[in-house]
Every structure is written in structure tokens, then in C-alpha cells.
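Subject: Structure for you to look at

Hello,

Here is the structure I said I would pass on. Please open it next to this message and follow the residue numbers as you read.

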Amino acid sequence: MYPTDLDPAFISHAPGYWSDEATEKWDDHRWQLRNRVDSLADLELRLKLTDEERAGVLLAGTKLAMSITPHFFNLIDRDDPDCPIRRQVIPRIEEGWNAPEELNDPCGEDSHMPVPGLVHRYPDRVLFLVTDRCASYCRYCTRSRVVSGVGEQHLETQWEPAFKYLEQHTEIRDVLLSGGDPLLFSDDRLDKILTRLRAIPHLQFIRIGSRIPIFLPQRITPELCTMLNKHHPLFISIHANHPRELTLEVRDALGRLADAGIPLGNQSVMLRGVNDSVDVQKALVQKLLMCRVKPYYLYQCDLINGSSHLRTPVAEGVAIIEGLRGHTTGYAIPQFVIDGPGGGGKIPINPNYVVDTASGKITLRNFEGEIFEYPDPTPIPAADLELLHQEALSRSV
Ligand code: SF4
């Protein structure tokens with residue numbers, strides 16, 4: 001294992017071994033985007049691929065593109081073919097095989113779109129898919145059917161009809177901007193979208209889902225933070241899966257967002273060979289708190305086509321929550337959820353701490369396995385109440 005994975009220290013991987021130009025331009029997010037690793041030739045210049053990876057890259061071109069920012073690429077341990085960073089962004093041959101339980105649209109989003117690009121699944125909130133592009137592409141992306149633009153299906157967000165729908169549906173109070181990654185937009189474009197949303201009086205709360213702080217922390221400029229600060233209440237959900245992703249640069253970028261008054265939560269995904277152990281998850285959630293980020297959800301990986309090599313049994317996620325609860329700060333514990341396949345929404349999954357629910361009491365076990373009983377409230381007997389009345393009356397005379 002990479003030596004610092006469980007170490008709470010934040011280290012920099014910039015610019016590492018890349019090019020002479022990189023040393024000068026590393027902090028420029030536009031340079032990072034222009035220099036993404038997105039071809040087999042580029043990848044093989046920098047990494048000795050396994051046969052499974054080479055075949056995976058060759059197959060990926062018509063499904064979900066490969067693209068990795070130099071920043072994120074530098075987190076890869078090039079001597080470790082099982083590196084947890086590598087497994088998230090470098091395609092493997094297994095992606096080409098669809099298990100019988102897998103789906104093209106695992107969360108049933110397409111069937112809950114009243115307007116192309118707007119998913120209205122829950123009563124008071126919507127998911128607004130504003131782009132199909134990301135700084136890097138995750139091999140387990142739940143929206144791989146549209147994200148990256150190389151598959152058969154394309155995201156065709158209809159902006160004006162979407163804004164009109166939001167204006168007309170006064171029950172909607174919460175909009176989540178996602179995609180793709182909304183923070184790939186220019187400050188100006190994002191400002192216009194947020195301003196338009198803020199002009200709708202019943203929209204109380206805006207969220208942005210973004211992996212940019214992890215893939216491209218250089219994008220979190222002071223100017224971006226100043227612009228976002230105008231649109232409160234605004235929350236950002238980031239997406240980190242492994243403690244190595246929380247570098248010095250990422251911690252500083254998250255600090256800039258937090259200083260702009262933006263509450264930050266993390267949504268991670270259970271992934272085989274990446275974060276399927278209590279030790280790695282504990283290091284991740286503790287480091288997130290140091291970055292001022294609340295671990296929010298731990299997702300069971302959706303039933304995405306070609307994801308069986310990355311998915312874990314549900315019981316492993318439950319065991320991880322059990323290994324965290326009581327063993328570290330309560331703020332550090334995410335809610336483990338399964339997105340109900342086909343559009344069921346998020347369903348919380350918890351270890352069972354209830355041993356028995358006999359009438360009048362509940363029997364519980366704590367994180368150390370000790371048993372406790374918690375009784376229901378005892379009704380006050382009428383005679384005792386009468387006595388209390390009489391005592392009160394005697395004191396008023
Ligand atoms: S950043 Fe999010 S939307 Fe983009 S590829 Fe990763 S999981 Fe999918």
C-alpha cells in the first residue's frame with residue numbers, strides 16, 4: 001500500500017514528474033485541462049499498463065471516455081497495478097462485460113425527466129443536469145450513458161423549458177446542479193445560471209455536485225469563490241473516495257470554498273480495491289473533517305453496466321459503517337445508502353443495533369456489543385396526579 005494512505009498528513013503531489021512546462025503551469029486549471037491524459041499513447045508514455053488496462057482503454061472509446069487531469073494522475077502509484085487511484089480512472093477490460101443485474105440508467109433518471117436535463121424524482125427537489133463533461137471520468141460513473149459524450153446517448157439539456165418548469169412548479173424548493181461537473185463552466189456562465197435560479201422566489205436552496213475540488217483543485221480560484229458567495233444558501237457536495245485524494249492542494253481548495261461560507265459534504269462510493277476496508281474509510285472520513293467537509297453519503301455502487309469488478313456486496317458497506325460508528329467522531333460517519341434500482345431514490349442502510357422490541361422497551365446493543373434496555377415512558381397514574389394537585393393547592397392557600 002502507498003505509504004501515506006492511512007497517514008493523516010496532507011502531502012503535495014505537484015508537479016511531480018511530468019514536463020518542464022508543468023512546473024511553471026501546474027497551478028493553472030486551464031493548463032491542467034489542456035494536458036489531460038486522454039489517449040492510449042499518452043497513457044503508455046507515463047505508465048506501464050497491464051493487459052487488462054490496455055484492452056480496457058481500447059474498448060472505452062465508445063462507452064465512457066478516458067480523461068485524467070495531471071493533478072489526479074500524479075496520485076497514481078506507478079509501481080502498483082492495484083493502486084486505488086488507478087482503479088478509479090483507468091479503464092479495464094471488465095468494463096466491456098455487462099452483468100445480468102446491470103442497467104444503462106441504474107437510477108431510472110430518464111423516466112423521471114419532465115424536461116430533458118431536469119430529473120424530478122422527489123416531491124420538493126430536482127436534479128438539474130447542466131453538462132455532460134467532467135475534468136476526469138470515473139469508471140463507475142452512474143451517468144456513463146451520457147457523460148463524456150462518446151456513448152450512444154447524449155445529454156440535451158433544454159435550458160429555457162427547464163427554467164420555465166422550475167418557475168411553474170412552486171413545490172420545488174431545492175435544486176441540485178450536477179451532470180457532468182458544473183464547476184467546469186466559466187465563472188461567468190455559472191454566475192448567470194445561479195442568478196437565473198435565484199430569481200425564482202420559491203427556490204430556497206441550491207446545491208452543486210462536483211468532483212472538481214478533487215480532480216482539479218486549481219479551478220477553485222478566489223474569483224470563483226467570490227462569485228459563489230453571492231448565491232447563498234449554496235451547498236457543495238464533493239466526491240472523494242480515498243484518503244490519498246485529499247492532498248495539500250485539495251485541502252486548500254476546500255478551505256477556500258468553506259471560507260466563502262459554503263457548507264461542504266462528501267459523497268463517496270464503495271469500490272472494490274479502492275475503499276472497501278474500515279481502515280481506508282476511517283482515514284478518508286477523518287481527513288475530510290480536517291478539510292472542513294462532512295462525510296455525507298457512502299453509496300453502494302449503482303448497478304451500472306460494466307461495473308461488477310468494482311462493486312462490493314452490500315454487507316461490506318454495512319460492516320464499514322459498523323466499524324466507524326462509535327469508533328470515531330460521529331460527524332465523520334456518512335449515511336450508507338442504496339439508490340433503489342430503476343428510480344427508488346436513496347434508501348438508508350444501517351447496521352442493526354436493535355436486539356428486541358418487546359412491548360414497553362427496546363433492547364439495544366452498542367458499538368462494543370454490550371446490551372442495554374431503554375424503556376418506553378411510564379404513564380403517570382391518576383392517583384399520583386391527584387396527590388400532586390392536592391399538594392399544589394395546599395401551597396397556594
Ligand atoms: S465526476 Fe461525477 S459525473 Fe463525472 S464521471 Fe465522475 S461520477 Fe460521473
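The ligand in this predicted model is surrounded by Cys 134, Tyr 137, Cys 138, Cys 141, Arg 143, Val 147, Gly 179, Gly 180, Asp 181, Arg 211 and His 239. Sorted by class, this shell holds 5 nonpolar, 3 polar and 3 charged residues.

Two members of the shell, Gly 179 and Gly 180, are joined by a cis peptide bond with an omega of about 20°. To find Gly 180, look in the loop between strand S3 (174-178) and helix H8 (187-198).

There is another cis peptide bond between His 232 and Pro 233, with omega at about 0°. Pro 233 is in the loop that runs between helix H10 (222-228) and strand S5 (234-238).

One more backbone detail concerns Ser 148. Its phi is near 90°, a positive value in a residue other than glycine. Ser 148 belongs to the loop between strand S2 (125-129) and helix H7 (159-168).

Now the sheets. One is an open sheet of 9 strands with mixed pairing, and its order is S1-S2-S3-S4-S5-S6-S7-S8-S9. Which strands are at its edges? They are strand S1 (118-122) and strand S9 (345-348), each of which pairs on one side only. On average, and ignoring direction, neighbouring strands of this sheet are turned by 30° against each other.

Two pairs of strands show what mixed pairing looks like here. Strand S6 (residues 264-269) and strand S7 (residues 294-299) run parallel and are joined by 5 bridges. In this pair, Ser 268 is opposite Leu 298 of S7. Strand S8 (residues 335-340) and S9, on the other hand, run antiparallel, with 4 bridges between them. Here Ile 338 has Ile 347 in S9 as its bridge partner. S8 and S9 form a hairpin with 4 residues between the strands, and in this hairpin Gly 342 takes a positive phi near 90°.

If you trace any of these strands, keep in mind that side chains in a regular strand alternate between the two faces of the sheet.

A further open sheet has 3 strands in the order S10-S11-S12, with antiparallel pairing. Strand S10 (354-356) and strand S12 (371-375) each have a single partner strand, so one side of each is left without a neighbour in the sheet. Neighbouring strands in this sheet are turned by 35° against each other on average, direction ignored. S10 is joined to strand S11 (residues 361-365) by 2 bridges, and the two run antiparallel. Val 354 has Leu 364 in S11 as its bridge partner.

Last, a pair of helices. Packed helices are described by the angle between their axes and the distance between the axes. For helix H12 (residues 278-290) and helix H13 (residues 314-324), the angle is about 60° and the axes are 9 Å apart. Why is H12 called oblique to H13? The reason is the angle of about 60°, because an angle from 35 to 65 degrees is neither roughly parallel nor roughly perpendicular. The crossing of H12 past H13 is right-handed. On the H12 side the contact is made by Val 278, Gln 281, Lys 282 and Val 285, and on the H13 side by Ile 320, Gly 323 and Leu 324. By class, this contact has 4 nonpolar, 2 polar and 1 charged residues.

Regards

How values were computed:
Residues are numbered from 1 along each chain as its sequence is written. This is a predicted model: local features need pLDDT of at least 70, side-chain atom pairs count only at pLDDT 80 or more; totals for chains, interfaces and linings use all residues. Axes are lines fitted to C-alpha atoms, for helices over the stretch in contact, and angles run from 0 to 180 degrees between N-to-C directions. A crossing is left-handed if the near helix is turned anticlockwise from the far one by less than a right angle, and right-handed if clockwise. Two residues are in contact if their C-beta atoms, placed from the backbone, lie within 7 Å. Ala, Val, Leu, Ile, Met, Phe, Trp, Tyr, Cys and Pro count as nonpolar, Asp, Glu, Lys and Arg as charged, and the others, Gly among them, as polar. A residue is near a molecule or strand if its C-beta atom, placed from the backbone, lies within 6 Å of it. Two strands pair if DSSP finds at least two bridges between them.
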